[in-house]
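This report walks through a single protein structure. The sequence and the model come below, and the notes on them follow.

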Amino acid sequence: MLRARQISHSFETLLYENLDMSINAGESAAILGVSGSGKSTILNNLSTMLKPLKGRVGLLGYEDIYALSQEKLLDLRRYDVGIIFQAHYLFRGFSGVENLQVASILASLPIQDSLLEDLGIKDVVHQNIGELSGGQQQRFSIARVLTKRPKIIFADEPTGNLDKQTAHNVMDMIHAYIRTHQASLVLATHDEGIARRCTYVFRLQDKKLTPIKL
């Protein structure tokens with residue numbers, strides 16, 4: 001599903017170098033690290049959003065996604081890759097259901113009532129996004145990604161705006177999705193409890209990505 005080889009990235013300074021990671025269908029990986037260490041940048045490198053300065057990212061059978069045409073890369077994002085951003089990037093001025101309909105139309109898949117019920121947002125789907133709490137917006141962001149039924153999900157602090165119980169309920173649902181659909185998950189988090197539930201846990205520290213056990 002995913003194989004990153006010797007990837008490096010920097011902006012003003014070097015964030016990390018020579019990182020390796022691989023996961024298979026049905027597996028998940030968590031990346032722990034302090035703010036500013038580069039966790040979000042790694043997710044961007046892996047998820048088709050940002051070409052690493054060095055190294056290759058293999059995804060869903062492609063040996064190097066950044067060698068693909070722009071059209072094929074867009075198709076990967078549209079149909080196969082789900083990205084849960086730390087900022088929700090929901091459409092302001094749209095209702096919750098209208099935000100979900102965008103994903104539904106792009107992926108040519110229906111919105112599932114069970115998904116809305118499981119995330120606890122069914123009763124507020126017709127409210128304007130601006131009227132919802134941060135936690136509700138986060139759950140709509142997650143619902144939008146799951147609506148298109150991606151093969152691999154990249155999640156940047158997916159439970160950051162949720163209380164502890166809701167966070168664990170949401171992660172239960174995401175992990176159930178991964179198992180049921182034989183998909184994969186890569187997430188960045190500060191929460192060791194959330195990380196511990198993943199197949200693999202890595203810590204980004206001193207510009208290296210190190211496997212750890214919690």
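## Aromatic residues and their pairs

Phenylalanine 91 is partly exposed, with a relative accessible area of 39%; buried stands for under 20% relative accessible area, exposed for over 50%, and partly exposed for what lies in between (1.4 Å probe, protein chains only). This is a predicted model, in which local features need pLDDT of at least 70 and side-chain atom pairs count only at pLDDT 80 or more, while totals for chains, interfaces and linings use all residues. Residues are numbered from 1 along each chain as its sequence is written, and side-chain values use heavy atoms, with hydrogens and water left out.

A search of the whole structure finds two aromatic pairs. In one of them, the rings of phenylalanine 85 and tyrosine 89 have centres 5.0 Å apart and planes at 90°, so this pair is edge-to-face. In the other, the ring centres of phenylalanine 91 and phenylalanine 94 are 5.4 Å apart and the planes stand at 35°, so the pair is tilted. Rings of Phe, Tyr and Trp (its six-membered ring) pair if their centres lie within 6.5 Å; planes under 30 degrees apart count as stacked, over 60 as edge-to-face and the rest as tilted. Tyrosine 89 is exposed at 57% relative accessible area, whereas phenylalanine 85 is partly exposed at 25%. Phenylalanine 94 is also partly exposed, at 34%.

Serine 95 is found in the loop between strand 5 (81-84) and helix 3 (96-107). Helices (H or I, at least four residues) and strands (E, at least two) are DSSP runs, numbered from the N terminus. Serine 95 counts as buried, because its relative accessibility is 10%. Setting aside residues up to four places away in sequence, serine 95 touches Val125, His126, Gln127, Asn128 and Ile129, where contact means heavy atoms within 4.5 Å.

## Helices 5 and 6

The axes of helix 5 (residues 134-147) and helix 6 (residues 164-181) come within 12 Å and cross at roughly 5°. The two helices are therefore roughly parallel to each other. Axes are lines fitted to C-alpha atoms, for helices over the stretch in contact, and angles run from 0 to 180 degrees between N-to-C directions. Angles under 35 degrees count as roughly parallel, over 145 as roughly antiparallel, 65 to 115 as roughly perpendicular and the rest as oblique.

On the side of helix 5, the contact is made by Arg139, Ile142 and Leu146; on the side of helix 6, by Thr166, Val170, Met173, Ile174 and Tyr177. These residues divide into six nonpolar, one polar and one charged. Ala, Val, Leu, Ile, Met, Phe, Trp, Tyr, Cys and Pro count as nonpolar, Asp, Glu, Lys and Arg as charged, and the others, Gly among them, as polar.

## The nonpolar cores

The largest nonpolar core has 36 residues, and those with the most contacts inside it are Leu119, Phe140, Ile153, Leu185 and Leu187. Such a core is a set of buried Ala, Val, Leu, Ile, Met, Phe, Trp, Tyr and Cys residues joined through side-chain atoms within 4.5 Å. Elements that each supply at least two residues of this core include strand 3 (28-32), helix 4 (113-119), strand 6 (152-156) and strand 7 (184-188). Helix 6 gives the most to the core, with seven residues. Apart from this core lies another, of 28 residues, among them Leu15, Ile23, Ile152 and Phe154.

Isoleucine 153 has contacts that include Gly82, Ile84, Leu146 and Tyr177, not counting residues up to four places away in sequence.

## Single residues

Alanine 103 lies in helix 3 and is buried, with a relative accessible area of 9%. Its C-alpha atom is 9.0 Å from that of leucine 146, and the two residues are 43 residues apart in sequence. Beyond its neighbours within four places in sequence, alanine 103 is in contact with Arg144, Thr147 and Lys148.

Two residues that are not glycine have a positive phi, as listed here.

| Residue | Phi | Loop | Relative accessibility |
|---|---|---|---|
| Arginine 149 | near 50° | between helix 5 and strand 6 | 27%, partly exposed |
| Lysine 207 | about 70° | between strand 8 (200-205) and strand 9 (208-212) | 38%, partly exposed |

Aspartate 172 has its place in helix 6 and is partly exposed at 37% relative accessibility. Aspartate 172 and isoleucine 194 are 22 residues apart in sequence and 10.0 Å apart in space, C-alpha to C-alpha.
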